[in-house]
Amino acid sequence: MKRQALAAIIASVFALAACGQQAAEKPAATAEAAAPATSTVGQSAAAETPAGELPVIDAVVTHAPEVPPAIDRDHPAKVRVKMETVEKTMKMADGVDYHYWTFNGDVPGQMIRVREGDTVEVEFSNHPSSTVPHNVDFHAATGQGGGAEATFTAPGRTSTFSFKALQAGLYIYHCAVAPVGMHIANGMYGLILVEPKEGLPKVDKEFYVVQGDFYTKGKYGAQGLQAFDMDKAVKEQPEYVVFNGHVGAIAGDNALKAKVGDTVRMYVGNGGPNLVSSFHVIGEIFDKVYVEGGKLINENVQSTAIPAGGAAIVEFKVDIPGSYTLVDHSIFRAFNKGALGQLKVEGEEHPEIMTKKLSDTEYKPADVPATAAVSATNVSAPKNAY
């Protein structure tokens, strides 16, 4: 009872602050007179089916870096999504713990995949052990707050609401209870993909990656349980910038894996709360980038900007075996704050595309005395090199 009373007091003090996305629903396409009666006419009718008459299915959701399977429906549905907020202590880095606030137990929250035109019904629960209310703002939802007001939920309570996925794209969702920045900085964000009605082209591998910046009392690498530092957050001076919530979450034994010849699609988000990401895969060129997660496609891109609270879809084919490093190319974040991941690719070499080192000989410029030459045997690559 004391916990519930405290939650009620907190709920009355917290002011909702949320970002919303305003868009007008596009009218359904009118079938051409020459089209068969079962084609676009049927699709238009399905698009207008009242939510109460739609088939009801449970969403398939996945923890990062896994991605839910592609949508195989040609009609809208009511898709039920269960979300639970849990405050828990987890490993940030070796010897470093942090008390995260999470959706469904980890950072980022689970990836949700629905179809354009679906009605998404959200069952939002706040674990009884939580210390504050939580909610969720879906950037994929059209309407004030993106659902933040409807899902404002005290500890030990469950709220429900629904929204129609009007526009295809890749969207962030995040907590929007005041102080909003603190909730996001503690890890409360994830991605929802609204597939276009025609679907996305088939690829061999799909991965889910979200960048976030964390603000700890101790400096990077300081051991023990680290508390959130509001002063650093306001000044936008994170100690950690990481992929998928933890240093090394997609590196080493946790590296993403593919084979030579695979086509790879990455759904990349930026939870923020503050920094803009310059996402880059060292040794690869993005064949396609769905700019800001929308319809616009850019080609042959080296690095792509992903704003805080935004996303992008990148696609490329891996031609050469090896370890490809994922970074935020604001490069000190990668090598000094943790924004590093790996895509390990196995398969046959293709020297016609790129060779190994072919030679290593002494260099003797005419303007340098021979005694100044440095032996190559005394030189080694630094630990944080590519």
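**Entry 1: the chain as a whole**

I began with burial, and I noted that 45% of the 386 residues in the chain are buried. I am working with a predicted model, and I keep that in mind for every value below. For the secondary structure I wrote down five helices and 21 strands. I then turned to contacts between residues at least 6 apart in sequence, and I found that 72% of them join residues at least 24 apart. For the surface, I recorded an accessible area of about 19,400 Å² for the chain, with 54% of that area belonging to carbon and sulfur atoms.

**Entry 2: the annotated positions**

Next I looked up the record, where an unreviewed UniProt entry gives the annotation "binding site" to His-134, His-139, His-174, Cys-175, His-183, Met-188 and His-329. I chose two of these residues to follow in the model.

Where does Cys-175 lie? I located Cys-175 in the loop between strand 8 (169-174) and helix 3 (180-185). Its relative accessibility is 0%, and because buried means under 20%, I entered Cys-175 as buried. Leaving out residues up to four places away in sequence, I listed what Cys-175 touches: Phe-103, His-134, Asn-135, Val-136, Val-180, His-183, Ile-184 and Met-188. In that list I marked His-134, His-183 and Met-188, since the "binding site" annotation also covers them.

I then went to His-139, which I found in the loop between strand 6 and strand 7. With a relative accessible area of 15%, His-139 counts as buried.

**Entry 3: aromatic rings**

I counted 13 aromatic pairs in the structure. One of them is Phe-138 with Phe-163, which I noted as tilted, with 5.2 Å centre to centre and 35° between the planes. Why does this pair tie together parts that are 25 residues apart in sequence? Phe-138 lies in strand 6 and Phe-163 in strand 7 (residues 158-164), so the two rings link those parts of the chain. I checked the burial of both residues: Phe-138 is buried at a relative accessible area of 1%, and Phe-163 is buried at 6%.

I looked up another tilted pair, Tyr-220 with Tyr-240, and I wrote down 4.7 Å centre to centre and 40° between the planes. Tyr-220 lies in the loop between strand 10 (205-214) and strand 11 (224-226), while Tyr-240 lies in strand 12 (residues 240-243), so this pair ties together parts that are 20 residues apart in sequence. Is Tyr-240 buried or exposed? I found Tyr-240 to be buried, at 0% relative accessibility, whereas Tyr-220 is partly exposed, with a relative accessible area of 36%.

I also noted a cluster in which ring pairs link Phe-103, Phe-124, Phe-138, Phe-161, Phe-163 and Tyr-173. Phe-103 was already in my notes as one of the residues that Cys-175 touches.

**Entry 4: a polar contact in a loop**

I moved to Ser-130, which I found in the loop between strand 5 (119-126) and strand 6 (137-138). Its relative accessibility is 1%, so I entered Ser-130 as buried. Which side chain does Ser-130 meet in a polar contact? The partner I recorded is the side chain of Asn-126, at 2.6 Å.

**Entry 5: the backbone**

I looked for cis peptide bonds and noted the one from Val-107 to Pro-108, with omega near -5°. I placed Pro-108 in the loop between strand 3 (96-103) and strand 4 (112-115). I also noted a cis bond from Ala-178 to Pro-179, where omega is likewise near -5°. Pro-179 belongs to the loop between strand 8 and helix 3, and I had already placed Cys-175 in that loop.

I then wrote down residues that have a positive phi although they are not glycines. Asn-104 has a phi of about 60°, and I found this residue in the loop between strand 3 and strand 4, where I had also placed Pro-108. Asn-244 has a phi of about 55°, and it lies in the loop between strand 12 and strand 13 (256-259). I closed the entry with the burial of Asn-244, which counts as buried at 5% relative accessibility.

Methods
Residues numbered from 1 in each chain as written. Predicted model: local features only at pLDDT ≥ 70, side-chain atom pairs only at ≥ 80, totals over all residues. Heavy atoms only, no water. Helix = DSSP H or I, 4+ residues; strand = E, 2+ residues; numbered from the N terminus. Buried < 20%, exposed > 50% of the residue type's maximum accessible area, 1.4 Å probe, protein only. Contact = heavy atoms within 4.5 Å. Areas by Shrake-Rupley, 256 points an atom, 1.4 Å probe, with all protein chains shown as cover. Polar contact = N/O pair within 3.5 Å; in protein donor to acceptor, adjacent residues only side chain to side chain. Phe/Tyr/Trp six-rings, centres within 6.5 Å; stacked < 30°, edge-to-face > 60°. UniProt positions renumbered as here; feature names shortened; annotations may be inferred.
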